[in-house]
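Thanks for making time. I'll go through one structure, starting with its pockets and ending with its charged pairs.

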Amino acid sequence: MNLIGLIITIAAALIAIAVLIYQWVWYRHTRPAQIKQMEDEAKKEAEVIKQKKLLEVKEKFLNKKAELEKEVQQRNQQIQQGENRLKQRELSLNQRQDELTRRKQEQENERKRMEQQQAALQKRDEELQQRLDSLIEQERSQLEKISGLSAEEAKERLIETLKDEAKTAAASYINDIMDDAKMTANKEAKRIVIQTIQRVATETAVENSVTVFHIENDDVKGRIIGREGRNIRALEAAAGVEIVVDDTPEAIVISAFDPVRREICRLALHQLVADGRIHPARIEEVVAKVKKQIDEEIMDTGKRTAIDLGVHGLHPELLRIIGKMKYRSSYGQNLLQHSRETANLCAVMAAELGLNVKKAKRAGLLHDIGKVPDEDPEMPHAIYGAKLAEKYKEKPDICNAIGAHHEEMEMTSLIAPIVQVCDAISGARPGARREIAEAYIKRLKDLENIAMSYPGVIKTYAIQAGRELRVIVGADKIDDKQTETLSAEIATKIQNEMTYPGQVKITVIRETRAVSYAK
């Protein structure tokens, strides 16, 4: 069995070898012929493809040529149309030029004709003027002959007559104009001032030169005084004030012209009494701490005021000065409130008059910075305030408004009179300021003395708290026309020589009295 399988295997191997040998021999004899046949077929196919591609290229070329010829034809048509339009435009321009030439020639002919007519009219005017001069000369000679006066004498008489009539008419006209102007000006000024005051309202703070510190009992008063008064002396030296301890129950009086020092002393006393430790070292420590707090509060007050009013870009030192105004009073009116009120009034009035509102408000806020100096300037507060503003880089018109609001400097801008007027309004409104009785009486006497200094004045009366001055003149010394002049002169002199809030009305009264007695 194994032998048969082996024989079969050998036979299969021999058959396989024979098949391989046959295939090899067949491949050697048939391969070149196939290759040659494939080459021939490839050449034929390549020739067919070549002919096909040539036909495609030729077709594309013909299509492209047709497109280009069509595009060239279209462009030639467009060029031809453009040339036609240019020819038409050229023809139109030539026609217009001919028309302009024709019109120019017509205008030239018309000008020549007008010149000829003008020359003829001028010649005729000369002839008429000669005839008129001749007629006037004849009339003048005839008038001189009839009147017996020469032309110069008649002219002088006529001029004198016209002068008298003109003086009378001018005086009447001037009086009417002045009355109308006063009525209109007063009405308009009152309208602006009333609107300004109505739109601004503020509270009035009344400050004194002393501050009263209340305590619970006299034991606290004794602790404040200290042994042999050392505590109170230390407090006075540290705060820079004078402390008055008398028999007034449950009160200590702090006296100083500087309101900041009084406030520092008051707050320091409050902290010392609340803490209970009162001795010189503790007093100096507390006063120093309170000074720092007050300085910070002053700066915060200045910044807050500037922000509330919309005034930006102020120098830090100016903000500190504004904050110090909180502790300063003028004629019983708190200076910070007065400055805020003046700033608001200035803004409203500037808006009414069409001026720069921000500049007016800035000048109104800063107008009294000279009243809170760190040192004694020995000059009017308005001038000192202007120097401070200039020092801290404020604009010239702002500095001028500060320095001129009491007329101690010449006004160079329209903001200056606004600040002056609004300062007077804020100080003159009812309840704004307290006035010393002696100064009030002196002002009334000065008003009456100014009026009495004029000849013909018999009596004077200052009434309505100095708002009106009534002047009685002698009927035999002054006539009706002179009363108007006297009233204006007295008003001018009061304006130049006195300082007062608001306005003063001057009324001149002329009357004739006849007195008889029946017995």
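Twenty is not a number to skip over here: the second largest pocket has 20 lining residues, and nearest its centre are Asp-258, Val-260, Arg-261, Lys-324 and Pro-373. Bear in mind that this is a predicted model. The volume of that pocket is about 470 Å³. By class, its lining has 10 charged residues, nine nonpolar and one polar. Helices α4, α5, α6 (280–309) and α7 (316–324) each give at least two residues to this lining, and α5 has the largest share, with four.

Next, the enclosed space. There is one cavity of 30 Å³ or more, and the largest cavity holds about 30 Å³. Which residues line the largest cavity? They are Ile-224, Asn-231, Ile-232, Leu-235, Leu-269, Leu-272, Ile-278 and Ile-283. Two elements, α4 (230–239) and α5 (259–275), contribute two or more residues each, and α4 gives the most, three. The class count for this lining is seven nonpolar, one polar and no charged residues.

Staying with α4, its buried residues are Asn-231, Ile-232, Ala-234, Leu-235, Ala-238 and Ala-239. They sit on the same side of α4, because the arc they cover around the axis is only 160 degrees. Just after α4 comes Gly-240, with a positive phi of about 75 degrees.

Now the charged pairs. Side chains of opposite charge can pair when their charged atoms come close. The structure has 18 salt bridges; I'll take three pairs and one network.

In α5, Glu-263 and Arg-266 form a salt bridge, 2.8 Å from N to O. The two residues are three apart in that helix, so about one helical turn separates them. Is Glu-263 buried or exposed? Glu-263 is buried, at 19% relative accessible area, while Arg-266 is partly exposed at 28%.

The second pair is Lys-326 with Glu-297, with 3.0 Å between the closest N and O atoms. Lys-326 is in the loop between α7 and β4 (329–330) and Glu-297 is in helix α6, so this pair ties together parts 29 residues apart in sequence. Lys-326 is partly exposed, at 30%, and Glu-297 is partly exposed, also at 30%.

The third is Lys-442 with Asp-446, at 3.1 Å from N to O. Both are in helix α13 (residues 437–452), four residues apart, about one turn. Lys-442 is exposed, at 52%, and Asp-446 is partly exposed, at 26%.

Last, the network: salt bridges link Glu-99, Arg-102, Arg-103 and Glu-106.

Terms used. Residues are numbered from 1 along each chain as its sequence is written. This is a predicted model: local features need pLDDT of at least 70, side-chain atom pairs count only at pLDDT 80 or more; totals for chains, interfaces and linings use all residues. Side-chain values use heavy atoms; hydrogens and water are left out. On a 1 Å grid over the protein atoms alone, a cavity is a set of points where a 1.4 Å probe fits but cannot get out, and a pocket is an open set with protein on both sides within 12 Å along at least five of seven lines; lining residues have an atom within 4 Å of a point. Grid points are joined across faces, edges and corners, and a volume is the space filled by probe spheres set on the points. Ala, Val, Leu, Ile, Met, Phe, Trp, Tyr, Cys and Pro count as nonpolar, Asp, Glu, Lys and Arg as charged, and the others, Gly among them, as polar. Buried means under 20% relative accessible area, exposed over 50%, partly exposed in between (1.4 Å probe, protein chains only). The arc is that of the directions from the helix axis to the C-beta atoms. A salt bridge is a side-chain nitrogen of Lys or Arg within 4 Å of a carboxyl oxygen of Asp or Glu.
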